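Subject: Structure handover

Hello,

Here is the structure for your files. My notes on what turned up follow below it.

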Amino acid sequence: MRKHSLYFALGMMMTACAPQGFDAVQNIASDTVQDIACKDQQLETKLWDGLKTYLIEQKTIPTADVMKEAFHNQVEKLSEQNPQLTSAEVKRLNADLDALVDSLLSEAPEGERVETPEQLLMLLSAIDVGDRTTVFRSYMQDKVRGNFTQLQKTVQALDVNCSNDNASSGTPSTGGEEETETPITPTEPSAPVVEEPNRDYEWHKQQALDSGTPLSVFGGRWAFATTYQSCQSVQLPSLNAQVPNIQGISIVGKHSDGVGNKRQIASLSKVQSTHYYIKDMTSYGQGCFNVRSNPLIYDYGGKPYATTATNAEIDMFKNNGDGTSVLGIDCSGYVFTSMATAGLRLKSGRALKASDAWAWGSSSYVEPQNNGLTCLNKISVSPTTTMKAGDIVAVYGHVLLIDKVGADPFGINSVKSESECSKLKSDGFDFVVAQSSPNKEGIGINYYQARDYLPTSSKMKTGLEKYAYYTCLSKFNGKTYTPNVGTLSVVRHKGTADCMAPRVKMARESCIQSCSSLQR
């Protein structure tokens, strides 16, 4: 006991020269141990949020030793307030907390060679939601789940008093949720505000549903228009092979994972004059972000900005993720945003929060039920059912949303016999994809005709041609297939009550409230 008290006293004396984030670590430990005292059922969620908030705000990785010492100090205070605690109980609680900290701040980052706070943020977020896309993540999933289970078992056995005066409010105490963003002043003059009918999100949503547009498609369009701060961006024709590439974007190296490229804007004027969704925009209304002066392009590893607050917005206009400093997001960031802004959970019963944009990567969607995405199922194809608008298509390395489908999306009506099914090719496909991708030299979020997009992605092309094959077979033999092609899956949201939640709002979405329509 005296040893821990001495550590605590020395810690207070050294606060003035403490390392960056010292107070934030102390707050996490204080809140967690208070939740332990109160046997708060949200202890796990609040600890995750505390760690994530630390990484967002401090932009450093807390060391395991500092975090463990902070927990020991708080457990010491708890034991002083509860003299009925035995030394064995204090030792057991400290050991459980140490094991959890070692898993989260030592073993997990070492196993994935984490180098930056942003990388650790995404790794911890993935573990939080249930990601098992790699052998190591599956191992860590079981390890951390075991740590939390043991901690909860120890907590429930303690006879301690909850101090209501100091009870945690349910939000991390690192200060981020009081922070306000400095308004961004456009570098170009804004056009006069045009008075238009006041149409809000619910009006647009109902208009979409009345026209038969799936909710996930509407979410994708709402995210698209908000990102470009333009009603017209949604209504432009889909990209095809004839649309020219963007100029002015350069590749400056490889992402730390050795797979994706890092991009930057080398010539703003060239991007402004050639970016398909920006080049014809000359001004933006009051309150809108000036996308023309601050273009969003494809950013491998880029994620929407958010805090861990329950009511946090998804913000496309603030750099985040482990990509480069340009504004822009990757493929999974766009798909999550499309679902979240439509109120579609990916995991049954999990609160729908903006911060989960960091959690699920493209690979998670290939086997959704194994990776925590319990609100998604692989589709089946039959003589009467096939791929639909709103479905998600994923391979290891990319994920996209189906925006529109024609009457014959896989082009099987031209096939006259079962033997011809194996000859189906993507150039006969009739559907449109919505995605964030490096196409056209780094365009970012886009709509693309599948028949022209798929030749640029061999994995997507091969996998979807196999789905076309099984759909064609079902036409002739009357069977139902749930294709299992190994590298690609087409998945669909269940739409059940447990997979619905209040929507997540987006920053500056008021800019598109007055759009006459988001139909395409």
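Helices (H or I, at least four residues) and strands (E, at least two) are DSSP runs, numbered from the N terminus. Lining residues have an atom within 4 Å of a point of the pocket or cavity, on a 1 Å grid over the protein atoms alone.

This is a predicted model: local features need pLDDT of at least 70, side-chain atom pairs count only at pLDDT 80 or more, and totals for chains, interfaces and linings use all residues. Residues are numbered from 1 along each chain as its sequence is written, and side-chain values use heavy atoms, with hydrogens and water left out.

**Overall**

The protein chain has 15 helices and eight strands. Of its 520 residues, 53% are buried. Buried means under 20% relative accessible area, exposed over 50%, and partly exposed in between (1.4 Å probe, protein chains only). The protein chain exposes about 22300 Å², and carbon and sulfur atoms supply 50% of that. The areas come from the Shrake-Rupley method with a 1.4 Å probe; for residues, only the protein chains shown count as cover.

Contact means heavy atoms within 4.5 Å. Among contacts in the protein chain with a separation of 6 or more, 73% are between residues 24 or more positions apart.

**The largest pocket**

A pocket is an open set of grid points with protein on both sides within 12 Å along at least five of seven lines. The largest one holds about 1300 Å³ of space. Its lining has 47 residues, and D257, V259, Y300, S362 and G397 are the closest to its centre. Volume here is the space filled by probe spheres set on the points, which are joined across faces, edges and corners.

Which elements each supply at least two residues of this lining? They are helix 6 (117-129), strand 2 (261-265), helix 12 (331-340), strand 6 (431-437) and helix 15 (458-477). Helix 6 gives the most, with four residues.

By class, the lining of the largest pocket has 15 nonpolar, 21 polar and eleven charged residues. Ala, Val, Leu, Ile, Met, Phe, Trp, Tyr, Cys and Pro count as nonpolar, Asp, Glu, Lys and Arg as charged, and the others, Gly among them, as polar.

**Cavities**

A cavity is a set of points where a 1.4 Å probe fits but cannot get out. The whole structure has five cavities of 30 Å³ or more. The second largest has about 50 Å³ of space. Its lining is L47, L51, M67, F71, L100, V101, L104 and L105. By class, that is eight nonpolar, no polar and no charged residues. Helix 3, helix 4 and helix 5 (87-111) each supply at least two of them. Helix 5 gives the most, with four.

K68 sits in helix 4. Is K68 buried or exposed? K68 is buried, with a relative accessible area of 17%. Leaving aside neighbours within four places in sequence, K68 is in contact with D98, V101 and D102. V101 also lines the second largest cavity.

**Aromatic pairs**

Rings of Phe, Tyr and Trp (its six-membered ring) pair if their centres lie within 6.5 Å; planes under 30 degrees apart count as stacked, over 60 as edge-to-face and the rest as tilted. The whole structure has 18 aromatic pairs.

F410 and F429 have ring centres 5.3 Å apart and planes at 70 degrees, so the pair is edge-to-face. Both lie in the loop between strand 5 (398-405) and strand 6, 19 residues apart. Both are buried.

F410 also pairs with F431, again edge-to-face: 6.2 Å centre to centre, 80 degrees between the planes. F431 is in strand 6 and F410 in the loop before that strand, so this pair ties together parts 21 residues apart in sequence. F431 is buried too.

Elsewhere, ring pairs link F224, Y228, Y276, Y277 and Y447 into a cluster.

**Positive phi**

K59 has phi near 55 degrees, a positive value in a residue other than glycine. K59 lies in the loop between helix 3 (43-58) and helix 4 (64-81). With a relative accessible area of 54%, K59 is exposed.

R508 has phi near 65 degrees, also positive and also not glycine. R508 is in the segment after strand 8 (488-493). At 21% relative accessibility, R508 counts as partly exposed.

Best wishes
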